[in-house]
Amino acid sequence: MQKSGEDEWDQLIAGANVATMSLERAPFGQVPYGRVEDAAIAVKGERIAWLGTAAEGRSRAAAQRLTVQDATGLWITPGLIDCHTHLVYGGNRVAEFEQRLCGASYEEISRAGGGIQSTVRATRAATPAELRASALARVRRLMAEGVTTVEIKSGYGLELPTERRLLEVARELGETLPLSVRKTFLGLHSLPPEFGADRQAYVDRVCGPWLEALAADGLVDAVDAFCENIAFTLAETNQLLMAARSLGLAAHIHAGQLSDMGAAELAAQWGALSADHLEYVGEAAAAAMAAAGTVAVLLPAAYFTLRQTTPPPVAMLRQNGVSLAVATDCNPGTSPCTSILTAMNMACTLFGLTPEEALSGTTRNAARALGLQDELGTIEVGKRADLAFWRVERPAELSYGLGANPCVGVMHRGRMREALIHDGYPTLDAGMLEA
Ligand code: NIG
Ligand code: FE
């Protein structure tokens, strides 16, 4: 066995076409999807150790007497990243779905005590086991479609113990499943009824003792606020961003979903990782976001579910050089969606993204939206070996199908989660998250 670090591989996967999604393809210049055809990927521990042609990979593997995993006929992409979800909650909102289709608007339902508040009631009433079981079912559907990293927001507790429970369930999913989880404290999601008479007291609690306690327990990677006329003001959101900064926490902002309150500018001003939704956003905000590196997270399944008619100004965002990510926004009210591939399809069909933009939106740019771009999001030497294997003819097919799942295998941290060899719907061990 050769001793050189480069050649001490644990695994070699050869013969597949690889969509690296990397922007670095010198000396050939940039190619679509950063693709390398008939490629090989070597893995050492949980990292990508080498990337090159299948022929060279096979001969190097032979020199190390390493068995090669043949992936001929498949495409490999980075493991997909769902960078915006609220997937831990109690109950569901099917009744409101029906009400909306009988004429009520999301805002009307919300102002009448439904909407987020109805999920808050159901979530407070749910046991930890119930929260865990329903979240597990949702996250498994995402994982079956090649998702290896998911961001999960709290925000349906709106009281410290329940917010903590949601973040604990999120953490537990990451500890128990072959999945990386980022946890976001969304205390400013909606004003809970018990603070109806004193919103400042609530905001002070969220931004002060609650955030400090949750962060001290390692339950917060980032904060988020729903900055909207039915939720929290710009000043209240600013207070949260200031508190997050003082604790060294990253931030996301729900911005411009229903109206332009200036939240995207605020996100850029504070160097937030992302501003999310952005159906309503102006050019100055886009320029500020590009300058700050704040990613625009597009959530087409929420737009679709609310039957909105003003899509985000994608051409303007592009022209200003804003990075575009795409996520499910999985939540019971506006986006009962557990399919990242459907979100990618909708990003194309409803928002006009190209299939390549949709895929970079759930890989390279989604990693940036979580601050994980040095570790994840592209297939490059040194990055984490999180990979998704697809039986497709070309990568655009990931955005093309509606209801299809061409994922035939997933690697998380260098370990295969599913056998490479079978077609069909991958299964996970049902007992995986039992106590
Ligand atoms: O991302 N916009 C605020 N939060 C969620 C909706 C939450 C809900 O309606 O339960 C969203 O769309
Ligand atoms: Fe959301």
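## Exercises on the Pockets and the Ligand Site

In this predicted model, the lining of the second largest pocket comprises six nonpolar, eight polar and five charged residues.

**Exercise 1.** Describe the second largest pocket by its volume, its central residues and its helices.

*Solution.* Begin with the volume: the second largest pocket holds about 280 Å³ of space. Next, consider its 19 lining residues, of which L23, E357, S360, R364 and N365 are the closest to the centre. Finally, turn to the helices: α14 (355-361) and α15 (364-369) each supply at least two residues of this lining.

**Exercise 2.** Determine which element gives the most to the lining of the largest pocket, and state how the lining divides by class.

*Solution.* The largest pocket has a volume of about 620 Å³. It is lined by 30 residues, and F97, R100, T305, L306 and G333 are the closest to its centre. Elements that contribute two or more residues include α2 (94-101), α5 (128-144) and α13 (340-349). Of the elements, α2 gives the most, with four residues. By class, the lining has 16 nonpolar, eight polar and six charged residues.

**Exercise 3.** Establish where ligand 1 lies and which residues surround it.

*Solution.* First, locate the ligand: the space that ligand 1 takes is the largest cavity. Second, identify its surroundings: 15 residues surround ligand 1, with R93, Y106, Y156, Q257 and T334 the closest. Third, classify this shell: four residues are nonpolar, nine polar and two charged. Fourth, examine polar side-chain atoms: one of T334 lies 2.6 Å from an oxygen atom of ligand 1, and one of D329 lies 2.8 Å from an oxygen atom of ligand 1. Lastly, consider coverage: the protein covers 100% of the 330 Å² of accessible area that ligand 1 has on its own.

Terms used: Residues are numbered from 1 along each chain as its sequence is written. Chains are lettered from A and ligands numbered from 1 in the order in which they are written. This is a predicted model: local features need pLDDT of at least 70, side-chain atom pairs count only at pLDDT 80 or more; totals for chains, interfaces and linings use all residues. Side-chain values use heavy atoms; hydrogens and water are left out. A residue is near a molecule or strand if one of its heavy atoms lies within 4 Å of it. A polar contact is a pair of N or O atoms within 3.5 Å; within protein, one must be able to donate a hydrogen and the other to accept it, and residues adjacent in sequence count only if both atoms are side-chain atoms. Accessible areas come from the Shrake-Rupley method with a 1.4 Å probe; for residues, only the protein chains shown count as cover. On a 1 Å grid over the protein atoms alone, a cavity is a set of points where a 1.4 Å probe fits but cannot get out, and a pocket is an open set with protein on both sides within 12 Å along at least five of seven lines; lining residues have an atom within 4 Å of a point. A molecule sits in a cavity or pocket if more than half of its atoms lie within 2 Å of its grid points. Ala, Val, Leu, Ile, Met, Phe, Trp, Tyr, Cys and Pro count as nonpolar, Asp, Glu, Lys and Arg as charged, and the others, Gly among them, as polar. Grid points are joined across faces, edges and corners, and a volume is the space filled by probe spheres set on the points.
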